[in-house]
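Biologist: Hello! Could you walk me through this structure and tell me how each description is reached?

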Amino acid sequence: MHRFLIKTILFALMSFVLILAVALIPGYMVNKFSKFSIKKNSTIALFGHSHSECAYNDTLIANFTNLSHSAESYFYTFQKVKKYLVQNPQVKTVLIEFSNNQIDNKMDDWTWGYTYMSNMFPQYASFMSFADMELLAKHNSKYFMNCIGIAARTNLIKALSFNYDYTGKTGGYFKIDSSKHLPAGNPVNENARTSPNKNRISTTNLQYLRKIVDYCNNMHKHVFLIRSPQHPLYEFRNNEAEFSLIRERYFGDVKFLDFNNFPIKNDEFADFGHLNFKGALKYSTYINQRIINGMLNTGNTASIDQAANKAAN
Amino acid sequence: MLFNSFGFGIFLIVVFVLYWFVFNRKLQQQNLLLMTASYFFYACWDWRFLFLLIFSTLLDYFTGLKMFQAKTQGLKTFWLWLSISINLGFLGVFKYYNFFASSLAALGADFGIHLSPFTLNVILPVGISFYTFHGLSYVIDVYKNRIKAERNFIDYSLFVSFFPLLVAGPIERATHLLPQVKTQRKFDYQEAINGLRQILWGLFKKAVIADQCADYANMIFANSSHFSGSTLVLGAVFFAFQIYCDFSGYSDMALGIAKLFGFELLRNFAFPYFSRDMAEFWRRWHISLSSWFRDYLYIPLGGSKTGTWLKVRNTLIIFLVSGFWHGANWTFIIWGLLNALFILPSILLKTNRNHLEIVAKGKTMPTPVEFIQMSLTFLQVIFAWIFFRADSVTQAFKYIGRIFSRSLFSIPQLDVNRAQLLEVIILIICFIIVEWHGRENQYAIEKLTWLRRRGYRLTFYYTLVVVIFLFTGKEQQFIYFQF
């Protein structure tokens, strides 16, 4: 029995050491050699989820790179922001999409729900701090262990193939064909989903937004929160009161560019939260003009409605 | 508590330590510990069904004793049928009631009679088909005087509920397991190492091959109407590996765990995909269930020592019952029927016992004829699996219909990460190679004779550990838990 126990324990220990090595060494290499590059003339970087991913066609906006990724909570955006800002000193201004659904507690699922975690965690695991990992482990310990394995595999493949380039793999403008749009009439029946629960706020998502803002400030970047257009019937708009309160209370120090009511027609919306190509074309052209006019220098959004209506016409 | 979960690992270590270090003086204490651990294990699934397990155990325990004490054959028969009726009654209510009620309503609708069937909103108690068959084998064996009725309730209860085999088999026989329960176990170093090795291989099969294949098989079967014939074939192949590695992986882990406690369970799989005909396949696939049906149904019906038509009837009966055992769905019944039709020619031509030895025994490679035979058998098997996996008979027929179209000759198209798909295909190929090399053993890596040096073997085991770590994704339920 003693022989069995000693051999089994030795085997288990050796396995543990091997697993640690397989998990940590490629992770370290990915962290060290990873490349997050954007165009040299890009001085403005935008981060966010699918709303901004579909709204900002960065080929139409000067010196602008859209790095938004659908279903990305601020937890993962934070990891991305750190890498991009360190490796791209030409970026002077950071825009962060901040819209109504990003305060909702469904963002928690985007952070540690298995489907989202298994997609996002392997991508960014190497750049996370112990506290970040602890947060995921605390909320979904069972699947976090599984995701550790997936992350190790992803990193091992990157290390073995010397493929450390993240360029183009972390988001970008996503074109939705103009043929996909809301009906011209009253599209109220299009929205079959239930309204979000007003009382459920994702504190984790907000904490990580704060971390992103603080990080950008420490890196001496200009930071703006920006809200891209949402349809008046968009389900999450009914948390507007909480949204405004949170923004003023916790992010009052950050300038807010609000294009929520930018006039977009039904045939320019792919659905209530996302612009199709036609909508993105109109909105991006408008944003480009506003940036040229110095919007990011003044942070002034007072004349948005007037200018937007002009653009819409 | 899945075998491949962290929680089970802790449970196993605790029970192992208590078993060999705390309760190692008396057999009864060890049996009591294992029985308690088994009930705890079962309660972790759903504690309410623990009462059903205990009732089933008590029923067979008492009917066994009553049969043994019965003074007349009539009384003995009465107790036998009482036990069979109640056991099958429970199985019928929990597993088949809704199926019969809805099938009757559908039949009524065909004749213009509107029936609103009363369906039960109950979940299937995990492992009910397995422990019911344990109990049935015991009472039938007592009735046939193959064994004496067990007087010690703890021993009998352990036979029924021993946790490695409780929820998905192997389906044990009282004649095989009860004597082991009643014999003092001694720790055997070689057997324990062998057990750990078998657990490792089972874990690899389940966590790596089966769960990876499951992702692709599920995706293809769920969207079968959108895929080409060649992709659907790929889906069926993925499912063939999924179900084999899932179930045989579970069985390997069960056998390995039992070895750690000094028990030798029945072998459940013997490299079935290397079979040269369907008869050989069924001697190698889910052996404990096939032999159960052979001993308690096929042979009592007359077996193959009857006329031609009775042979056909008996074969059809056992395959249909076997299909129905798997689940209350017409897909399983058709799966059973298909297998009966595949095997019948060899029974009628008396070629069903042509391949009793493992293929290419003592050789490195099969002959071309053997290779063709294995390929054709595998094709038959995956064709039948389509019915087993499909959600409905209609879906199965549509799936097969799309396979046999022009798109069968196109390149399979799957909207997935190609690198990950390639990884899975490479893993399957490596798995087949290891299984082929180890086909003369109880399980593929039992002896690893092709790795002569100890260092190579250790490297192989560590590689398995690392691959399991790297490929373990979301834990997927074992397929056979639903049966």
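Modeller: Gladly, and a definition comes first: two residues are in contact if their C-beta atoms, placed from the backbone, lie within 7 Å. This is a predicted model, where local features need pLDDT of at least 70, side-chain atom pairs count only at pLDDT 80 or more, and totals for chains, interfaces and linings use all residues. Residues are numbered from 1 along each chain as its sequence is written, while chains are lettered from A and ligands numbered from 1 in the order in which they are written.

Biologist: What share of the contacts in chain B between residues at least 6 apart in sequence join residues at least 24 apart?

Modeller: In chain B, 72% of those contacts do.

Biologist: Why is chain B called as compact as a globular protein of its length?

Modeller: Chain B has 18 helices and zero strands (DSSP runs: H or I of at least four residues for helices, E of at least two for strands, numbered from the N terminus). Its radius of gyration, taken over C-alpha atoms, is 23 Å, close to the 23 Å from the globule rule (2.2 Å times the number of residues to the power 0.38) for 483 residues, so chain B is as compact as a globular protein of that length.

Biologist: Which elements give two or more residues to the side of chain A that touches chain B?

Modeller: The contact takes 19 residues from chain A and 16 residues from chain B. On the chain A side, those elements are α1 (2–33), α5 (114–124) and α7 (141–160).

Biologist: How confident is the predictor in chain A?

Modeller: On pLDDT, the predictor's confidence in each residue from 0 to 100, chain A averages 88, and 90% of the residues score at least 70. Over residues 190–196 of chain A, pLDDT stays under 50. Where pLDDT is low, the predicted coordinates should not be read in detail.
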